[in-house]
Amino acid sequence: MVMEVDRVDGRTPNQLRPLACSRNVLNRAHGSASWSQGDTKVVAAVYGPKAGTKKGENPEKACIEVIWKTKTGQSGKPEKEYEMILRRTLQSICLLNIHPNTTTSVILQVVNDDGALLPCAINASCAALVDAGIPLKHLAVAISCGVVESGYVILDPSKIEEQKLKALVHLVFPNSVPSVHPKESSRVGDEPKEHGLISSVTHGRMSVDDYLHSLERGHAASAKLSAFLRKNLQSQVPSNA
Amino acid sequence: MEAANPSGDLSAEMEVDAFRRLFPLRFFDRHLVESIRPDGRPLGRARDTTLALGAVASADGSALAKIGSTTMLAAIKLEVMTPATESPDEGSIAIDFHMPPICSPMVRPGRPAEAAPVISKQLSDTILSSGVINLKELCLISGKAAWMAYLYPEERNNMNLKVDKLWNFMITIVDIYCLDADGALFDAALLSAIAAFSHLEIPVVSLDEDGRVVILSQDEGLKTSNEPVNAEKRKLTLSDIPFSLTCILYKNYILADPTAEEESVMETLITVVLDSSYQLVSLYKPGGSVLAYTSALQDCIALTRHRVQELKKILDEAMSEMEVD
Amino acid sequence: MVGLSLGEKHFIQGGIAQDLRSDARKRLTYRPIYVETGVIPQANGSAAVKMGATEVIASVKAELGKPTSLHPDKGKVAIFVDCSPTAAPAFEGRGGEELSAELSTSLQQCLLGGKSGAGAGIDLSSLSVVEGKICWDLYIDCLVVSTDGNLLDALGAAIKAALSNTGIPRVQVAAGATGDEQPEVDISDEEFLQFDTSGVPVIITLTQVGKHYIVDATAEEESQMSSAISVSVNRHGRICGMTKRGGAGLDPSVILDMISVAKFVSEQLIIKLDSEISAAEAREEE
Amino acid sequence: MSGKGGSAPHPTTYSPSPQNQKRPKSLIFKDNVDWVRPDGRGFQHCRPAFLRTGAVNAASGSAYAEFGNTKVIVSVFGPRESKKAQMYSDIGRLNCNVSYTTFATPVRGQGADHKEFSSVLHKALEGAIILESFPKTTVDVFALVLESGGSDLPVVISCASLALADAGIRMYDLVTSVSVSCLGKNLVIDPIFEEENCQDGSLIIACMPSRNEVTQLTITGEWSTPKIHEAMQLCLDACAKLGMVMRSCLKETASSQE
């Protein structure tokens with residue numbers, strides 16, 4: 001089945017933009033990372049765990065707080081939504097029982113937005129959490145898939161592409177864990193764990209099949225992303241030791 | 001007493017309410033094993049849902065939606081606007097979701113609830129991307145010639161208006177108030193907003209001496225010297241209405257339409273919005289400790305399909321009741 | 001907050017019951033009132049009022065504005081009260097906000113009449129310049145400098161004094177403005193019109209302590225109150241507004257009795273205040 | 001409401017509803033002695049009241065009140081933990097808040113808190129609640145005016161005391177509240193929005209009918225003493241009747257629960 005779509009920057013539909021990640025970019029933060037996908041770049045800083053949780057939070061668990069800083073202007077409703085999605089996504093990958101009654105702040109600064117901003121921010125904050133040594137269950141990798149009018153799916157769309165799309169799907173998957181115990185099942189039912197979806201945010205109207213198709217393609221690409229993330233995190237381990 | 005399993009021993013003699021508060025997860029587990037929920041519902045069933053159109057007399061369109069005890073009051077007010085330069089033939093929609101302190105013990109005056117701006121954003125995303133409202137219909141006077149005739153008068157320039165802007169469009173300002181928060185807030189809010197839109201009528205208007213658009217009340221319409229500029233009140237045509245269903249994922253269970261208690265105990269929520277032709281408008285899962293597998297997603301979508309039919313029927317009934325009156 | 005021992009409380013309550021208060025006053029006697037006008041030169045009118053240790057300042061600023069569509073033939077008056085942290089440490093930061101808001105509302109209710117504008121203590125129609133187009137907006141700002149009870153009465157007196165000290169510039173309206181246009185105006189620097197304050201009421205707060213009520217309560221006495229009402233009465237003995245402080249409920253007949261007492265007290269207070277104001281203005285002119 | 005009516009939330013839009021209709025009507029009120037109230041009531045007739053308790057499940061107690069077009073919901077939370085910053089108090093605290101929806105008034109408003117009403121509500125209820133019965137804790141009374149059709153404050157006060165009773169907060173008596181407007185020579189009870197807008201004066205009473213005690217009284221405008229007497233009597237009678245309606249509403253709820 002060949003159904004090519006021409007992309008503005010000449011990428012193939014499955015091709016991601018060049019990835020770059022550097023950790024420990026900020027001196028004062030307990031952990032930090034910058035993540036870029038093409039021209040989209042986000043810096044994440046992690047402070048904590050600090051003592052105490054906010055009022056209304058469960059003191060028997062660690063609390064994660066997310067602050068989203070826009071490139072320019074004040075933060076409004078979209079930023080509040082980003083904060084909520086990020087907070088709940090990060091909460092689901094952190095081991096919250098290890099540091100009960102503490103708060104960890106994750107601050108995200110948008111450096112440049114050229115599409116796929118939310119996935120970029122999730123990837124950056126995940127790398128920053130690792131850099132800060134916050135105990136995690138597993139890593140999370142985020143990717144956005146664009147559905148064009150014909151139903152074809154392109155990965156990691158840029159801002160210009162986003163505007164032409166029929167629908168946009170942001171997906172967050174857990175990364176694949178190379179298990180030391182091959183017998184121990186990281187499978188749930190008949191699906192491997194990394195097929196599970198942590199978060200999903202969609203914009204635009206599409207058919208259910210379009211969505212499932214995006215899910216499949218997004219998942220296939222997430223393996224690439226999680227390989228990149230792991231390689232990047234490992235390479236810096238010796239220098240820290 | 002054996003320290004190994006204190007709750008197990010206690011549960012036999014403890015009052016149900018105390019057990020429910022102290023060990024909420026175990027309380028729910030016991031119910032779920034029997035495929036039933038504490039309020040007697042099967043897992044996949046939504047709570048009783050009612051709609052009342054025209055609940056607010058002072059609004060141009062309004063509706064009260066109740067899902068279980070979650071109550072939402074949506075009211076639409078029309079204001080006149082000039083279209084944005086990038087879409088010169090479209091009106092606009094502004095949606096605000098409010099959680100006043102009366103709705104929940106978690107909300108205190110002076111401190112807006114965290115969830116409110118997020119739900120506002122979700123609602124406007126959903127309503128705009130579903131295309132249920134044709135923004136071109138928010139035009140007051142159609143036809144180009146008519147537009148030119150009602151240029152805003154030059155004297156009004158002191159209000160920083162350009163002469164070429166046309167006060168010919170309506171902005172529909174939707175305010176949704178949560179009156180009672182008991183879970184599935186987004187579902188109820190969307191339902192009330194949609195119902196308010198279906199109740200909305202664009203009124204007969206005329207222009208006064210200053211060139212301002214003024215609504216003509218029915219009896220007055222014939223008497224005044226100002227000619228009405230549009231013939232009669234009209235309703236918006238709603239195409240492909242979006243409906244939503246929120247589900248909880250917990251272990252292998254899927255619980256449709258959770259209550260506030262269920263939401264607080266089992267954290268993984270997933271909200272599916274389908275329109276009346278079963279296109280997917282939104283699939284929203286903000287994190288949560290339970291991972292969603294394709295099969296679970298498909299189950300949620302199937303539950304939502306069923307719910308769309310239910311809600312469509314409820315909306316149709318509410319509208320036909322309105323017409324009888 | 002006033003912290004009193006049980007003995008002190010009994011002393012105050014007993015004194016009031018015997019019509020001999022701690023500072024030798026009777027129940028219905030005011031503390032000496034001292035008025036100074038023209039305390040703020042840049043305002044159109046201003047006054048400071050001292051009653052014992054309670055001291056307040058009121059200033060009136062007049063600006064040209066546009067009348068509301070509901071009352072095209074009337075000017076507008078806005079009253080704001082600010083509690084200075086110098087008066088009490090509790091007023092620091094946002095501490096005084098609640099009290100300020102309550103005093104502002106009470107003053108508005110007592111001085112500005114009903115929604116139609118009828119019965120207003122401050123004559124709003126005299127503020128009209130061109131009907132429907134231009135009117136004077138009066139901004140009355142009050143500052144509580146020091147507090148020892150009975151703030152509302154002191155503020156009412158200060159506003160009355162500041163208004164009688166107010167000169168509103170004469171306005172020349174250029175002829176020939178047609179239709180919708182805003183007419184051009186010329187504000188005189190030299191000619192001022194004296195603001196008529198004969199209708200401005202005085203405010204009398206009756207504080208109930210035990211079975212009796214007293215006027216001009218000090219902070220110590222206020223701490224013993226069970227309830228209090230503030231009545232604003234004008235020269236003709238008519239009630240121009242009334243508010244009740246929180247606290248216990250009152251029997252309707254008691255309220256009516258309190259109103260008639262307030263009317264009785266108001267006659268003396270108006271005379272007293274008028275003479276103080278004219279004395280202050282005489283001093284200022286010297 | 002807030003006095004800053006001019007600042008609309010959407011500066012580039014305006015509401016097309018006619019605004020200058022009320023002027024001619026206000027003149028009719030004054031000149032003509034035999035005018036008819038806009039809703040056809042007699043001067044001394046209150047609007048029919050619809051009251052219901054338990055409107056909000058999430059609250060400890062709640063009530064909904066509908067007087068003509070005035071619609072109000074009040075929720076009561078607590079007694080619950082006081083704010084951390086507050087000092088120890090051996091009697092309970094009462095915290096009141098009144099807010100309006102953005103669509104409560106004919107022209108879309110700000111939906112802001114109404115500080116003035118919040119403080120009057122507090123003053124009106126304070127004297128009726130047995131604060132000693134919940135030391136150290138706070139009872140929150142939150143009111144939302146869904147639609148403002150006149151006499152908002154009295155409706156909020158009556159509805160709040162009903163909600164307090166529903167929450168099981170101990171009180172000396174229910175608090176009922178009624179207002180009268182003075183229009184020219186006439187006193188009209190339970191005024192609607194249009195009447196309030198051109199009133200010469202108003203008198204609002206909140207009282208405990210069985211104890212015959214006034215917890216709150218506010219008068220604006222110029223009044224003679226006999227007129228005050230007359231208005232108070234009018235209000236107190238209406239308060240007593242409203243008290244009975246509220247009592248029967250509570251009884252109904254109680255009997256349906258059994």
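Colleague: Helices are DSSP runs of H or I, at least four residues, and strands are runs of E, at least two, numbered from the N terminus. On that basis, how much of residues 199–263 of chain C is helix, and how much is strand?

Modeller: Residues 199–263 of chain C are 25% helix and 38% strand. The end C-alpha atoms of that span sit 15 Å apart. This is a predicted model: local features need pLDDT of at least 70, side-chain atom pairs pLDDT 80 or more, while totals for chains, interfaces and linings use all residues. Residues count from 1 along each chain as its sequence is written, and chains are lettered from A, ligands numbered from 1, in written order.

Colleague: And residues 173–234 of chain D, how far apart are the end C-alpha atoms?

Modeller: They lie 20 Å apart. Residues 173–234 of chain D come out at 24% helix and 50% strand.

Colleague: Switching to confidence. What is the mean pLDDT of chain B?

Modeller: The mean for chain B is 81, on the predictor's scale from 0 to 100 for each residue. In chain B, 77% of the residues reach 70 or more.

Colleague: Where is confidence in chain B lowest, and where highest?

Modeller: The low point is helix 5 of chain B, residues 144–149, with a mean of 33. The high point is strand 12 of chain B, residues 269–275, at 95. Across residues 143–165 of chain B, pLDDT is below 50. That stretch still has 22 contacts in the model beyond near neighbours in sequence; a contact means C-beta atoms, placed from the backbone, within 7 Å.

Colleague: What about residues 219–224 of chain B?

Modeller: There too pLDDT stays under 50. The model gives residues 219–224 of chain B four contacts beyond four places in sequence. Where pLDDT is low, the predicted coordinates should not be read in detail.

Colleague: Interface next. How many residues of chain B are in contact with chain D?

Modeller: 33 residues of chain B are in contact with 28 residues of chain D. On the chain B side, strand 3 (70–81), strand 5 (169–180) and strand 8 (213–215) each give two or more residues. Strand 3 of chain B has the largest share, seven residues.

Colleague: What is the strand order of the five-stranded open sheet in chain B?

Modeller: The order is 1-2-3-5-4, with mixed pairing. Two strands pair if DSSP finds at least two bridges between them.

Colleague: Which strands stand at the edges?

Modeller: Strand 1 (49–53) and strand 4 (92–98) of chain B. Each has a single partner strand, so one side of each is left without a neighbour in the sheet.

Colleague: How do strand 2 and strand 3 of chain B pair, parallel or antiparallel?

Modeller: Antiparallel, over seven bridges; strand 2 of chain B covers residues 61–67. L64(B) stands opposite L73(B), which is in strand 3 of chain B. Helix 6 of chain B, residues 185–199, packs on the sheet. That helix touches strand 1, strand 2, strand 3, strand 4 and strand 5 of chain B.

Colleague: Now backbone oddities. Which residues does the cis peptide bond in chain A join?

Modeller: G48(A) and P49(A), with omega about 5 degrees. P49(A) belongs to strand 3 of chain A, residues 40–51. In chain D, a cis peptide bond joins G78(D) and P79(D), with omega about 5 degrees. P79(D) sits in strand 3 of chain D, residues 70–81.

Colleague: What is phi of N150(C)?

Modeller: Near 55 degrees, a positive value in a residue other than glycine. N150(C) lies in the loop between strand 6 (134–146) and helix 3 (151–164) of chain C.

Colleague: Is N150(C) buried or exposed?

Modeller: Buried, with 27 other C-beta atoms within 10 Å. The cut-offs are 20 or more for buried, 12 or fewer for exposed, and partly exposed in between, with C-beta atoms placed from the backbone.

Colleague: And where is N212(D)?

Modeller: In the loop between strand 8 (201–208) and strand 9 (213–223) of chain D. Phi of N212(D) is also positive, near 55 degrees. N212(D) counts as partly exposed because it has 16 C-beta neighbours inside 10 Å.

Methods
Two residues are in contact if their C-beta atoms, placed from the backbone, lie within 7 Å. Axes are lines fitted to C-alpha atoms, for helices over the stretch in contact, and angles run from 0 to 180 degrees between N-to-C directions.
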